[in-house]
Amino acid sequence: QQSTDYQCPRCQTLIGADAPHGLCPKCVLDAVAKSGTQAQSKPVAYPSVDEVAKAFPELEIIEVIGVGGMGVVYKACQRKLGRLVALKLLSTKLAEHSVFVERFNREGQVLAQLNHPHIVNVFDFGSRGDFLYLLMEYVDGVNLREAMQAGTIASADCLILVQDICSALQFAHDQGVLHRDIKPENVLLDQDGRVELADFGIAKL
């Protein structure tokens with residue numbers, strides 16, 4: 001038996017032996033949805049995969065992986081590098097307001113300065129046609145809120161999570177950056193149990 005192989009007990013997908021909470025991310029998300037604990041909100045209009053693909057021909061736009069008040073995030077692949085990335089687009093309505101454009105650009109500028117294993121990396125940001133975008137590291141997993149709502153956070157995980165979050169925050173503080181929006185939605189957990197801090201949109205320099 002190989003210790004590096006582990007099957008998700010719900011879907012039998014092979015995942016890492018140290019996958020967080022013993023489930024693959026898709027099953028965690030499914031558990032959240034079926035539990036009814038996920039907040040219901042009004043549908044948000046966002047560009048289709050085809051529309052985004054036309055504006056970013058260097059990327060293979062795979063699917064939408066997140067929709068929020070600020071915009072939408074797509075899973076994509078850089079064709080030349082064969083690397084999965086997350087493409088975040090600012091809502092076109094918000095792009096008409098300078099305060100949101102400034103916040104969006106600040107997130108790109110701040111993340112570009114912070115190279116740390118527990119902070120999401122940004123590869124590029126700017127404008128493309130009608131889109132304001134951030135091209136970031138793709139984290140294959142769920143956010144901490146989703147894992148908490150699904151009941152998949154073990155007490156033993158908590159100390160490790162807090163330690164990693166504090167490490168990321170201390171590094172950011174040492175670089176003169178205050179996150180100012182620490183909440184479970186902005187803490188990402190990948191399939192290997194790694195913690196990544198995201199969303200520096202309202203960070204203060």
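User: What makes Glu107 and Lys88 a salt bridge?

Analyst: Happy to walk through it. A salt bridge needs a side-chain nitrogen of Lys or Arg within 4 Å of a carboxyl oxygen of Asp or Glu. The closest N and O atoms of Glu107 and Lys88 are 3.0 Å apart, so the pair fits that rule. Glu107 lies in helix 3 (residues 98–113) and Lys88 in strand 5 (residues 83–90), so the bridge links distant parts of the chain, 19 residues apart. Helices (H or I, at least four residues) and strands (E, at least two) are DSSP runs, numbered from the N terminus.

This is a predicted model: local features need pLDDT of at least 70, side-chain atom pairs count only at pLDDT 80 or more, and totals for chains, interfaces and linings use all residues. Residues are numbered from 1 along each chain as its sequence is written, and side-chain values use heavy atoms, leaving out hydrogens and water.

User: Why is Asp190 called buried?

Analyst: Buried means under 20% relative accessible area, exposed over 50%, and partly exposed in between (1.4 Å probe, protein chains only). Asp190 has 9%, so the buried label applies. Its salt-bridge partner Arg194, with closest N and O atoms 3.2 Å away, counts as partly exposed because its relative accessibility is 34%.

User: What makes Asp181 buried, and why is Lys183 partly exposed?

Analyst: Asp181 is at 15% relative accessibility, so it counts as buried. Lys183 is at 36%, and therefore counts as partly exposed. These two also form a salt bridge, with closest N and O atoms 3.9 Å apart.
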